[in-house]
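Colleague: Could you take a close look at one part of this model for me, the way its interior is packed? I'd enjoy hearing it as one connected account.

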Amino acid sequence: MPLTTLLGTQLPLIQAPMAGVQGSAMAVAVSNAGGLGSLPAAMLSLDVLREELEKIRAQTSQPYNVNFFCHTQPQPDPAREAAWHATLAPYYQELGLDPAQIVAGPGRAAFNAAAADLLQEFRPPVVSFHFGLPAPELLAQVRSWGAKVMASATTVEEALWLEARGVDAVIAQGLEAGGHRGHFLSHDLTRQMGAFALLPQIVRGVRIPVIAAGGIADAHGVAAAMALGAAGVQVGTAYLLCDEATTSALHRAALQSPAARHTALTSLFTGRPARGISNRLMRELGPMNTNAPAFPLATAAIAPLRARAESQHSGDFSPLWSGQNASACQALPAAEVTRLLAQGF
């Protein structure tokens, strides 16, 4: 079945859900332009999620996707937290901050029963997941209103695991992709592959549609992915400069600077590997620092540093998420970016 038939869209193009840098405006613009717009829900309270879903329902009659994380919330580790605070102490001192004022928080929310109940009121046509899948009863609830289910895979084994659990399409997330890695069966990063190495292996291994993600930022990348057997593509970084994005001025400037050529996977900002533009914190602590608490607990101690530095117009402590190919980023309306990408189909 063609991906457009499965999703009900004009184009086999999905706008990647990008928590923290977009909301409903981006999703609406892409859906109205013929792609599948996505709303990232991992950083939204239930009240805000409801508001965003109401905006989508009011502004488009086209299919859209709502994305959730499926991680297991870790138990706090006091020794690791203490080591993390000690690691960050010099920066707190430099910026005149009191470490005693760190407020613990979840950082990212996993899909749960309350979110499923709220989602059922709106019945989005597509729901996607990162870091695996939710509990079977929650997945069954999502399917109960006819939603199509997609999930990210970073290895062939993950794709097979997802197919065995009935997902409608798998997103092959290459190592080039910005933001959090979607791995869930293994945390061994040596098993992670680039998109154009991973994609054909997953296409050969599963019978469901495979969506290519990672490093695809223009029509040429789209065409290359389709030539390797992709049923469609998911694109994120190319939308970061769009009018509808909530990308900060600091982040926008970084994406348009030579710094965007230097990205790395880092655990510093959340506790889980995610690709972003290298900055001072990543260079000085090393992008993958073992003192960082487990995902998503690392966020709490970073947040005050980020806020203070950003108030001083510095991105030294900010997660500047970006894929490896920011070269095609353009400050255009999302509908225009969608049109340019569609020339690759």
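Modeller: Happily! Let's begin with how the chain meets itself in this predicted model. Among contacts between residues at least 6 apart in sequence, 68% join residues at least 24 apart. The elements behind this fold are 13 helices and 11 strands. As for overall form, the radius of gyration is 19 Å, which agrees with the value near 20 Å that a compact globule of 345 residues would have. Along the principal axes, the C-alpha atoms fill a box of roughly 55 × 45 × 40 Å.

Now to the interior. Of the 345 residues, 56% count as buried. In soluble globular proteins, nonpolar side chains tend to be buried together. Here the largest nonpolar core has 74 residues, and those touching the most other members are Phe 68, Phe 111, Phe 129, Val 170, Ile 202 and Tyr 239.

Ile 202 makes a good place to look around. Beyond its neighbours within four places in sequence, Ile 202 is in contact with Ala 153, Thr 155, Val 156 and Ala 159, and also with Val 170, Ala 172 and Val 210. One of these partners, Val 170, is itself among the core members that touch the most others. There is also a second, separate core of 23 residues, which includes Leu 95, Ala 298, Ala 309 and Trp 321.

Right next in sequence to Trp 321 of that second core comes Ser 322, placed in the loop between α12 (299-311) and α13 (334-342). Ser 322 has 1% relative accessibility, so this loop residue counts as buried. What surrounds Ser 322? Leaving out residues up to four places away in sequence, Ser 322 touches Gly 178, Gly 179, Thr 237, Leu 255, Thr 263, Arg 275, Gly 276 and Ile 277.

For contrast, try Pro 76, found in the loop between β3 (64-69) and α4 (78-94). Pro 76 counts as exposed because its relative accessibility is 59%. Its C-alpha atom is separated by 24 Å from that of Ala 115, a residue 39 places away along the chain.

Pro 76 brings us to the outside. The protein exposes about 13,800 Å², with carbon and sulfur atoms supplying 54% of that area. On the charge side, there are 22 positive and 24 negative side chains, and the centres of the two sets lie 4 Å apart.

Definitions and conventions: Residues numbered from 1 in each chain as written. Predicted model: local features only at pLDDT ≥ 70, side-chain atom pairs only at ≥ 80, totals over all residues. Heavy atoms only, no water. Helix = DSSP H or I, 4+ residues; strand = E, 2+ residues; numbered from the N terminus. Rg over C-alpha atoms; globule rule 2.2 N^0.38 Å. Buried < 20%, exposed > 50% of the residue type's maximum accessible area, 1.4 Å probe, protein only. Contact = heavy atoms within 4.5 Å. Areas by Shrake-Rupley, 256 points an atom, 1.4 Å probe, with all protein chains shown as cover. Lys, Arg positive; Asp, Glu negative; His and termini not counted. Charge placed at Lys NZ, Arg CZ, Asp CG, Glu CD. Core = buried A, V, L, I, M, F, W, Y, C linked by side-chain atoms within 4.5 Å.
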